[in-house]
Amino acid sequence: MSDSKKQIESASHLDWDDSGRPISKLFNDFYFSTLNSIDESRHIFLNSNNLSERWKVLGTGDDFTIGETGFGCGLNFLSCWQAWQENAPSGAHLHYISAEKHPLSVAELSSIHKLWPELEQLGSQLLALYPASYCGIHRLHFPKDNISLTLLLGDANEMYNSIQASIDCWFLDGFAPSKNPEMWQPALFETMASMSNDSTTLSTYTVARNVRLGLIKAGFDVIKDTGFGNKKELSRGKLKTIKEPVDTQIHEASHATFHSKRGAVSPWERQPASTSKKRHVTIIGAGLAGCSCALAMARRGWQVTLLESNSQPAVEASGNPQGILYSKLSAHGTHLSELVHQGFHYSIALLQQLLPPEHNTDAWSPCGVIQLAHNKKEQERQLELIESDLSHPEFFNHLSAEQLSVLSGVKVEHSGLHFPRAGWVNPASFCSAVLQHPNISLQTDWTLTQLEPINNQAGWLLINQNGVSLTSDTVIIASGKESSQLPQSSYLPLKAIRGQISYLPETTASNDLKSVLCAEGYIAPARKGFHNFGATFNFDNITRDCRDVDHMHNLEKLNNLSSELYQHLNASMDNLQGGRANFRCTTPDYLPLVGAICDSAAFIERFAHLRKDSKYRFETPCPFLPGLYVSTAHGSRGLISCPLSGEILASIICNEPLPISNVLFNALNPNRFLVRQLIRQKI
């Protein structure tokens with residue numbers, strides 16, 4: 001176990017004082033300083049930033065973003081949520097971003113939340129979606145109230161430096177500077193200033209001189225104001241616009257205003273927001289990728305038109321009866337592992353809201369997923385993973401073959417990882433649930449054949465196979481392997497991988513299978529009388545017809561998963577009830593393409609100097625095609641990556657804080673291959 005993980009786990013245990021206040025063992029400090037903790041939170045953070053009045057004047061489509069330096073027990077967030085319900089107009093959106101290096105468990109949070117009966121209902125909604133993680137960026141949605149919570153699990157300065165956001169108000173919270181000096185550093189204050197705008201305010205309970213000095217030096221005006229309870233004073237302020245001293249004790253810092261530089265950004269990394277005032281988007285493709293984008297945009301109040309070439313949604317790569325919430329992770333911090341880790345938690349929370357499992361047993365099942373350590377390489381990967389910061393007892397556990405046999409209901413021969421929150425999903429049910437949103441309309445049998453820019457105005461003309469046309473200011477291409485068939489997107493390097501699954505009828509004995517089993521293949525518990533298992537990976541075959549050779553490969557993989565289950569199912573070619581073949585869409589680096597599409601010819605011409613100097617910093621903007629975006633190449637991980645990718649695109653289009661790190665965002669950039677080809681002098 002890593003030292004950082006040990007430290008995080010040690011901080012996740014609570015003590016309580018005699019009066020019933022929670023204390024952190026790591027810092028020997030209270031999570032809040034008085035028994036009137038809700039009133040304290042309102043006074044120090046909400047009232048000192050004049051939030052109720054600022055929210056009341058927001059308009060439809062307006063956003064307000066709060067940044068917090070210590071989530072703690074979630075009190076400030078819950079207090080804001082309650083005040084937002086009372087004061088914000090229905091069409092506005094609250095983004096609450098909060099860092100926490102030492103997250104509490106759901107059980108510990110629940111025990112603290114019992115102290116606040118008036119916030120109990122909001123607290124239960126929060127805990128129902130709370131991620132099982134010690135690290136990473138995790139966005140939670142509360143669509144009824146138009147609130148998004150983005151948890152940054154890690155060091156506050158490092159995490160805020162890793163994301164894009166414009167903060168309207170800062171809650172500078174955390175254990176006392178004397179107890180936790182590591183957080184209250186000038187670097188954090190400079191990061192805060194760099195993410196602020198002309199109207200940004202801040203407040204904090206501390207009046208420590210070094211904190212106020214650091215904030216002023218970073219570029220904030222700071223004053224003392226009346227505190228709460230036994231604390232006579234607090235500090236509040238705003239981003240400095242006029243350089244003048246605000247406190248004679250720290251006058252020497254008043255002329256040191258500056259905003260820290262957060263590193264140079266290449267033009268193609270500056271993804272363009274939509275300039276459309278109509279708040280309407282057209283999405284090409286109604287599979288997992290398209291429906292995920294549709295939901296993310298519809299939740300923001302946009303009208304969405306989905307265009308599907310087939311007679312119903314979720315027919316192509318999204319058409320399998322059961323998709324697996326499969327988290328193949330790496331302990332080495334790869335981009336793919338980061339995407340899978342965050343995408344998994346995002347998808348689980350979304351499914352719980354969209355398809356409550358107790359009412360949708362045919363739609364999805366959080367029955368758990370078991371990844372068997374079936375060879376030496378897999379054993380080594382799993383051992384590294386359980387020692388990494390990704391390990392969390394509610395995310396996955398490493399168990400023996402005997403323990404996994406009990407959990408799965410059938411005998412397995414290998415140890416492995418158990419993901420208790422994972423399971424299987426019927427993609428068509430997911431898409432159907434998305435289509436119930438009142439802001440989404442679906443047009444089937446609509447194949448896009450032409451996409452043309454509208455002369456003398458922003459927007460696109462879309463024409464189908466029958467010559468029927470429509471216009472849209474904003475277009476998202478999410479049609480899998482067909483996404484590169486248009487002239488505007490032909491530079492996207494997509495490749496198709498054929499996959500075939502097989503069906504066997506359930507038996508009385510096979511009903512003992514309680515969890516999804518995965519190794520080189522997978523099998524899920526029965527759905528509607530059949531077990532789905534597979535799957536093959538073929539790069540050199542383009543037929544959709546099922547092949548016997550692939551069925552035999554799937555049967556062999558099934559036998560390796562569990563010979564007992566193989567026997568329970570009377571598994572044989574004669575007993576097969578068919579299968580399904582289709583094509584996964586992926587890229588050369590196996591990461592999806594998510595973001596804005598550019599004019600590739602202009603891109604190559606404008607950034608040709610990359611052939612000579614890969615580190616050259618360009619001043620010219622990227623030639624993006626206005627209002628044109630893509631989400632595709634999700635491979636076999638669509639259930640994990642599509643929902644989060646839809647949220648990423650919606651955040652770009654609506655100019656909102658991103659739900660992932662800048663590094664991962666750039667790794668998904670659709671234009672990354674143009675950059676690589678120029679650097680390698682391939683184009």
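**Notebook: salt bridges and Glu656**

Arg139 and Glu647 are both buried, I noted on opening the model. A reminder to myself: this is a predicted model.

**Entry: the buried pair.** What do the side chains of Arg139 and Glu647 form where they meet? I looked it up, and they form a salt bridge, 2.8 Å from N to O. Then I checked where the two partners sit. Arg139 is in strand E6, which covers residues 136-142, and Glu647 is in helix H18, so this bridge ties together parts that lie 508 residues apart in sequence.

**Entry: the network.** I followed the pair outward. Arg139 and Glu647 belong to a network of salt bridges that also takes in Arg300 and Glu656. That sent me to Glu656.

**Entry: Glu656.** I found Glu656 in the loop that runs between helix H18 (638-653) and helix H19 (662-667). Is Glu656 buried or exposed? Its relative accessibility is 10%, and the cut-off for buried is under 20%, so Glu656 counts as buried. Next I listed what Glu656 touches, leaving out residues up to four places away in sequence: Asp63, His95, Arg300 and Ser651. I looked at His95 again, since its side chain makes a polar contact with the side chain of Glu656, at 3.0 Å.

**Entry: the count.** How many salt bridges does the structure hold? I got 16. I picked out two further pairs to look at.

**Entry: Arg236 and Asp225.** The side chains of Arg236 and Asp225 meet in a salt bridge at 2.7 Å, N to O. I placed Arg236 in strand E11 (residues 233-239) and Asp225 in strand E10 (residues 220-226), with their positions 11 residues apart in the chain. For accessibility I wrote down 28% for Arg236, which counts as partly exposed. Asp225 comes out at 29% and is also partly exposed.

**Entry: Glu316 and Arg544.** Here is another salt bridge between side chains, Glu316 to Arg544, at 3.1 Å from N to O. I checked the addresses: Glu316 is in the loop between strand E13 (303-307) and strand E14 (323-324), and Arg544 is in the loop between strand E28 (530-534) and helix H15 (548-561), so the pair ties together parts 228 residues apart in sequence. Glu316 has a relative accessibility of 31%, so I filed it as partly exposed. Arg544, at 39%, goes down as partly exposed too.

Note on methods. Residues numbered from 1 in each chain as written. Predicted model: local features only at pLDDT ≥ 70, side-chain atom pairs only at ≥ 80, totals over all residues. Heavy atoms only, no water. Helix = DSSP H or I, 4+ residues; strand = E, 2+ residues; numbered from the N terminus. Buried < 20%, exposed > 50% of the residue type's maximum accessible area, 1.4 Å probe, protein only. Polar contact = N/O pair within 3.5 Å; in protein donor to acceptor, adjacent residues only side chain to side chain. Contact = heavy atoms within 4.5 Å. Salt bridge = Lys/Arg side-chain N within 4 Å of Asp/Glu carboxyl O.
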